[in-house]
Amino acid sequence: MANTYCESCMMPFVKDPGPRESERYCSLCFKNGKLCYEGSDLKEFQRVCYESMVRRGTNKFMARLYTFMIRFAPRWKNRR
Ligand SMILES: [Zn+2]
């Protein structure tokens, strides 16, 4: 079954500003054929995501909530 949200940051694809290159990741996580953040540090990835959401004008409260949700994404689930 196709994903409806990004496996890396949990963003629903319907909210993806696109264009999306990957079936599994959103256009912000996966660009030019690779993951933008290739590290394995969840905290660092969360910080990068939070800052980019705030930059794109996301309300800070919502950005914190979305950032918190990232830990449940398939990409990070086994790293807790
Ligand atoms: Zn993503």
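Start by selecting D16: with 16 other C-beta atoms within 10 Å, D16 is partly exposed. What you have open is a predicted model, so keep that in mind at each stop. D16 sits in the segment before β1, the strand at 30–31. Show what surrounds D16, skip residues up to four places away in sequence, and you'll find that D16 touches M11, C26 and S27. Now draw a distance from D16 to A73: the two are 57 residues apart in sequence, and their C-alpha atoms are 16 Å apart in space.

**Zoom out for a moment**

Colour the chain by secondary structure. You should see two helices and two strands. Coming from the N terminus, their order is β-β-α-α. The radius of gyration is 12 Å, close to the 12 Å that the globule rule gives for 80 residues, so the chain is as compact as a globular protein of that length. If you like box dimensions, the C-alpha trace spans about 30 × 30 × 25 Å along its principal axes.

How many of the 80 residues count as buried? The figure is 20%. As for contacts between residues at least 6 apart in sequence, 29% of them join residues at least 24 apart.

**Next selection: C26 and the core**

Go back to D16 and step across to C26. The two are ten residues apart in sequence, yet 6.3 Å apart in space, C-alpha to C-alpha. Like D16, C26 is found in the segment before β1. Is C26 buried or exposed? C26 counts as buried, because it has 24 C-beta neighbours inside 10 Å, and the cut-off for buried is 20 or more. Leave aside the neighbours within four places in sequence, and C26 is in contact with C6, C9, M11, F13, D16 and R20.

Pick C6 from that list. With neighbours within four places again left out, C6 is in contact with M11, Y25, C26 and C29. Both C6 and C26 belong to the largest nonpolar core, which has 13 residues. The residues with the most contacts inside this core are C6, C9, C26 and C29, so select those four together, because they make a handy marker for it. Helix α1, residues 42–55, gives the most to this core, with three residues.

**Along helix α1**

Select α1 and look at it side-on. This helix has 14 residues and reaches 20 Å from its first C-alpha to its last, close to the 20 Å expected at 1.5 Å a residue. Now highlight F45, C49 and M53, which are buried. They cover an arc of only 70° around the axis, which puts them on the same side of α1. Turn the helix around and add K43, E44, R47, E51 and R55: these are exposed, on the other side of α1.

What do the buried residues of α1 pack against? Show α2 and you have the partner, since the buried residues of α1 pack against it. Before moving on, click G57, just after α1, where phi is positive at about 95°.

**On to α2**

Helix α2 covers residues 60–69, and M69 is found in it. M69 counts as partly exposed, with 15 C-beta neighbours inside 10 Å. Draw a distance from M69 to R24: they are 45 residues apart along the chain, and their C-alpha atoms are separated by 17 Å.

**Backbone oddities to finish**

Most residues other than glycine have a negative phi, and most peptide bonds are trans. The last three selections go against that.

- Select G18 and P19. The peptide bond from G18 to P19 is cis, with omega near 0°. P19 lies in the segment before β1.
- Select M10. Although M10 is not a glycine, its phi is positive, about 70°. M10 also lies in the segment before β1. M10 is buried, with 20 other C-beta atoms within 10 Å.
- Select N32. Here too phi is positive, about 50°, although N32 is not a glycine. N32 lies in the loop between β1 and β2, the strand at 34–35. N32 is exposed, with 6 other C-beta atoms within 10 Å.

Show M10 and N32 side by side for a parting view: M10 is buried, whereas N32 is exposed.

Note on methods:
Residues numbered from 1 in each chain as written. Predicted model: local features only at pLDDT ≥ 70, side-chain atom pairs only at ≥ 80, totals over all residues. Helix = DSSP H or I, 4+ residues; strand = E, 2+ residues; numbered from the N terminus. Rg over C-alpha atoms; globule rule 2.2 N^0.38 Å. Buried ≥ 20, exposed ≤ 12 C-beta atoms within 10 Å, placed from the backbone. Contact = placed C-beta atoms within 7 Å. Core = buried A, V, L, I, M, F, W, Y, C linked by C-beta atoms within 7 Å. Expected span 1.5 Å × (residues − 1). Arc of directions from axis to C-beta.
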